[in-house]
Amino acid sequence: MLKGKTVVIGISGGIAVYKVCDVVSRLKKLNANVHVIMTKSAKEFVAPLTFQSLSQQPVIEDMFDKVTKWDIEHIALAKAADIFLVAPATANIIGKIANGIADDMLSTTIMATKSPVLIAPAMNTNMYENPIVQNNMKKLEEYGYDFIEPDSGRLACGDKGIGKLASPEAIVENIKLKLLQNNFLKGKKVLVTAGPTKESLDPVRYLTNHSSGKMGYAIAEAAILKGADVTLISGPVNINKPIGLKNFIQINTANEMFEAVTDNYLEQDIIIKSAAVADYRPATFSNNKIKKSNNDMNLTLTRNEDILKWIGKHKKEHQTIVGFAAETNDILHNGQKKLVKKNVDLMVINDISKPYAGFGTDTNQITLIDIYGGKQSYPIMQKKELANIILDYIIKFNK
Ligand code: PMT
């Protein structure tokens with residue numbers, strides 16, 4: 001995914017240095033070229049050999065170690081970088097960059113680079129909240145440097161608060177976003193629904209389905225990488241929100257999803273309904289836990305609004321509406337019927353009877369059909385790849 005991209009990582013001294021090992025390893029797995037520069041204090045926490053082994057490149061340590069080479073090295077790395085990450089970034093290195101101090105290999109190389117610079121601070125809460133540090137960060141933001149906000153929690157010094165280095169996963173997602181974002185959907189607003197709905201019967205029981213949200217979240221992430229402003233409306237899932245998301249709305253029930261979609265649909269250019277919405281909910285909700293008896297029990301269900309159908313009915317000229325059809329039999333025929341009945345532009349049909357497709361899996365197998373009679377089937381693929389295929393189809397469709 002990051003083949004041919006060069007990430008230069010500047011590591012300054014803090015306990016979170018060890019987490020950057022994971023960042024390097026994740027970047028290598030994505031085929032990026034990774035070069036590491038360590039400050040003197042960073043080497044106190046993790047030996048350069050660790051980063052050398054993980055990055056498969058010599059670690060740049062000190063300007064004056066290799067007097068004959070340093071001049072070439074810092075300029076060469078500054079030029080080679082497609083992106084520069086500083087992690088963990090201490091108050092000291094942030095202060096140096098903000099005030100134009102270049103007195104070691106890391107600060108010198110940052111000063112010389114024209115690549116985007118992502119800074120992931122990690123420090124004690126009081127230091128992070130110190131107005132001097134905050135002003136330095138503000139100043140750097142004004143110069144175009146980007147920050148990955150630290151997490152809150154228990155810090156290595158024992159204090160609780162903001163200042164933990166962002167997770168390696170979040171750091172890599174931010175790098176991916178910076179390196180891979182393109183303009184195919186720039187200026188477009190995309191609304192994606194994902195995951196299941198949960199329809200409660202009483203305080204402890206509910207009706208739901210097996211949707212994991214993987215398909216919808218993959219679409220939201222792919223749309224962000226294509227430069228869109230994405231609103232994600234999601235049922236309860238166990239997936240992190242995509243980095244760069246403009247608007248996230250958490251819902252539980254189909255009624256809540258209906259409210260969220262109808263409140264937000266007007267300004268959208270593309271609406272993609274990959275959520276698995278319950279068609280029915282319990283007709284009544286019992287405030288108290290329903291007691292069991294010795295007899296069987298009948299449950300009365302009432303219809304939920306068909307949200308996609310509602311959007312199809314209220315669709316605006318500039319909008320492209322995409323539905324999903326989860327089918328087990330007569331796949332194409334049923335998908336075609338839904339395309340017409342719900343008045344959508346494009347239907348993504350998945351055969352959920354297959355073990356590698358549909359609910360919960362990382363892969364899916366889809367056929368796309370559109371209102372102009374276009375039809376395209378794809379082999380089993382990762383949901384992340386299919387997300388791009390679906391969006392590319394929409395982009396071509398709108399040309
Ligand atoms: O989340 P994953 O584990 O990754 O699984 C992905 C998925 C299987 C959930 C996804 O690929 C998928 O097929 N989503 C649609 C599931 C579904 O509800 O299909 P349907 O054929 O019942 O509904 C057709 C369309 O109408 C869907 O776009 C659905 O969002 C929409 N709908 C359905 C009912 C309802 N009350 N309102 C709706 O808007």
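A pocket is an open set of points, on a 1 Å grid over the protein atoms alone, where a 1.4 Å probe fits and which has protein on both sides within 12 Å along at least five of seven lines; its lining residues have an atom within 4 Å of a point. The structure is a predicted model, in which local features need pLDDT of at least 70 and side-chain atom pairs count only at pLDDT 80 or more, while totals for linings use all residues. Residues are numbered from 1 along each chain, and side-chain values use heavy atoms, without hydrogens and water.

The largest pocket holds about 880 Å³ of space, a volume being the space filled by probe spheres set on the points. This pocket is lined by 41 residues, and A275, A276, V277, F324 and A326 are the closest to its centre.

The ligand sits in the largest pocket, meaning that more than half of its atoms lie within 2 Å of the grid points. It is surrounded by 28 residues, each with a heavy atom within 4 Å of it. The closest are S211, S212, K338, N350 and G360.

Three lysines make polar contacts (pairs of N or O atoms within 3.5 Å) with ligand oxygen atoms: K383 through a polar side-chain atom at 2.8 Å, K342 through a side-chain N or O atom at 3.0 Å, and K214 through a backbone N or O atom at 3.3 Å. Taken alone, the ligand exposes 770 Å², of which the protein buries 96%; accessible areas come from the Shrake-Rupley method with a 1.4 Å probe.

Terms used. Polar contact = N/O pair within 3.5 Å; in protein donor to acceptor, adjacent residues only side chain to side chain.
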